[in-house]
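Q: I would like to learn how to read a structural model feature by feature. Could you walk me through one?

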Amino acid sequence: YCDAVKKTSPYDAGPRLLDIIDTAIFDYLIGNADRHHYESFQDDEGASMLILLDNAKSVGNPSLDERSILAPLYQCCIIRVSTWNRLNHLKSRTLKSVLKMAMAHEPIAPVLSEAHLEAMDRRLLSILATVRQCTEQFGPDVVLVEDRMTLSHL
């Protein structure tokens with residue numbers, strides 16, 4: 001499926017496909033299975049970016065990991081090097097502890113329950129495992145894509 005997408009504008013050049021994969025990773029971490037479409041903004045020079053609106057159904061059931069959210073990642077098997085590095089960094093520091101520190105002084109603390117924080121750590125490990133499967137199948141030179149790299153060669 002992704003091979004056809006990679007040949008279709010606006011996914012055939014520029015960062016759009018990588019932006020969608022980053023968004024899928026974000027949505028999976030927060031449990032947002034309700035993103036029906038992607039809004040984008042384009043400047044006068046033609047550069048565009050995704051705008052993430054409506055995360056209202058996020059952080060719902062901490063026991064449910066809706067793997068289909070990651071479809072762009074496991075179907076295309078590409079990820080930005082910077083995203084990969086950031087996810088690995090969060091794994092070493094544990095995403096849960098980083099989120100706890102970030103939200104510790106919020107007026108409504110705790111913002112997330114312990115179960116939700118554990119779900120995000122668990123989902124992070126699942127994302128990393130998915131990327132590892134991709135690199136085993138296709139190799140890191142294909143899977144790990146430098147930021148802002150044109151995708152027309154894929």
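**Reading helices, core and loops**

A: Let us begin with helix H2, which is mostly covered: 13 of its 15 residues are buried. Keep in mind throughout that this is a predicted model.

Q: What span should the 15 residues of H2 have at 1.5 Å a residue, and what is the distance between its end C-alpha atoms?

A: The general idea is to compare an expected length with the one in the model. The expected span counts one less than the number of residues, so H2 should cover 21 Å, and its end C-alpha atoms are 21 Å apart, in agreement.

Q: What happens to the backbone just after H2?

A: Phi is the angle to look at here. Glycine 31 comes just after H2 and takes a positive phi of about 75°.

Q: Let me try the length check on H4. How does the span expected for its 13 residues compare with the end C-alpha distance?

A: With 1.5 Å a residue, H4 should span 18 Å; the end C-alpha atoms are 19 Å apart, which agrees.

Q: Which residues of H4 are buried, and what do they pack against?

A: Buried here means under 20% relative accessible area. In H4 that description fits Val81, Thr83, Trp84, Leu87, Asn88 and Leu90. The elements they pack against are H2, H5, H6, strand E3 (79-80) and strand E4 (144-145).

Q: Is threonine 83 buried or exposed, and which residues is it in contact with beyond its neighbours in sequence?

A: Threonine 83 lies in helix H4 and counts as buried because its relative accessibility is 8%. Once neighbours within four places in sequence are left aside, its contacts are Asp22 and Ile25.

Q: Why would one look for a nonpolar core in the first place?

A: In soluble globular proteins, nonpolar side chains tend to be buried together. In this model the largest nonpolar core has 31 residues, and Ile25, Leu73, Ile79 and Ile127 are those that touch the most other members. At least two residues of this core come from each of helix H1 (2-5), helix H2 (16-30), helix H3 (71-76), helix H4 (81-93), helix H5 (95-103) and helix H6 (114-138).

Q: What is isoleucine 25 in contact with, apart from its sequence neighbours?

A: Leaving out residues within four places, isoleucine 25 is in contact with Leu70, Leu73, Ile79, Thr83, Leu87 and Ile127. Thr83 is the H4 residue we have just met.

Q: Where is there a nonpolar patch on the surface, and how much area does it have?

A: For this one, turn from the inside to the outside. Phe41, Met49, Ile51 and Leu53 make a nonpolar surface patch of about 380 Å². Phenylalanine 41 sits in strand E1 (residues 39-42) and is partly exposed, with 46% relative accessible area.

Q: Which residues other than glycine have a positive phi?

A: The sign of phi is a quick thing to scan. Among them is threonine 94, which follows H4 with a phi near 60°. This threonine 94 is in the loop between H4 and H5 and counts as partly exposed at 34% relative accessibility. Valine 59 has a positive phi of about 50°; it belongs to the loop between strand E2 (48-51) and H3 and is partly exposed, at 27%. Cysteine 77 also has a positive phi, about 50°. The loop between H3 and E3 holds cysteine 77, which counts as buried because its relative accessibility is 6%.

Q: Where are there cis peptide bonds?

A: Here omega is the angle to read. Serine 9 and proline 10 are joined by a cis bond with omega of about 5°, and proline 10 is in the loop between H1 and H2. Another cis bond runs from alanine 109 to proline 110, with omega near 0°; proline 110 is in the loop between H5 and H6.

Q: How far apart in space are serine 113 and proline 62, and threonine 94 and leucine 124?

A: Set sequence separation beside C-alpha distance. Serine 113 and proline 62 are 51 residues apart along the chain and 9.1 Å apart in space. Serine 113 is in the loop between H5 and H6 and counts as partly exposed, at 32%. For threonine 94 and leucine 124, the separation is 30 residues in the chain and 9.2 Å between C-alpha atoms.

Conventions: Residues are numbered from 1 along each chain as its sequence is written. This is a predicted model: local features need pLDDT of at least 70, side-chain atom pairs count only at pLDDT 80 or more; totals for chains, interfaces and linings use all residues. Side-chain values use heavy atoms; hydrogens and water are left out. A nonpolar core is a set of buried Ala, Val, Leu, Ile, Met, Phe, Trp, Tyr and Cys residues joined through side-chain atoms within 4.5 Å. Buried means under 20% relative accessible area, exposed over 50%, partly exposed in between (1.4 Å probe, protein chains only). Helices (H or I, at least four residues) and strands (E, at least two) are DSSP runs, numbered from the N terminus. Contact means heavy atoms within 4.5 Å. Patches are made of residues with over 30% relative accessible area and no salt bridge: like charges are joined within 9 Å, nonpolar side chains (Val, Leu, Ile, Met, Phe, Trp, Tyr) within 5 Å. Accessible areas come from the Shrake-Rupley method with a 1.4 Å probe; for residues, only the protein chains shown count as cover. A salt bridge is a side-chain nitrogen of Lys or Arg within 4 Å of a carboxyl oxygen of Asp or Glu.
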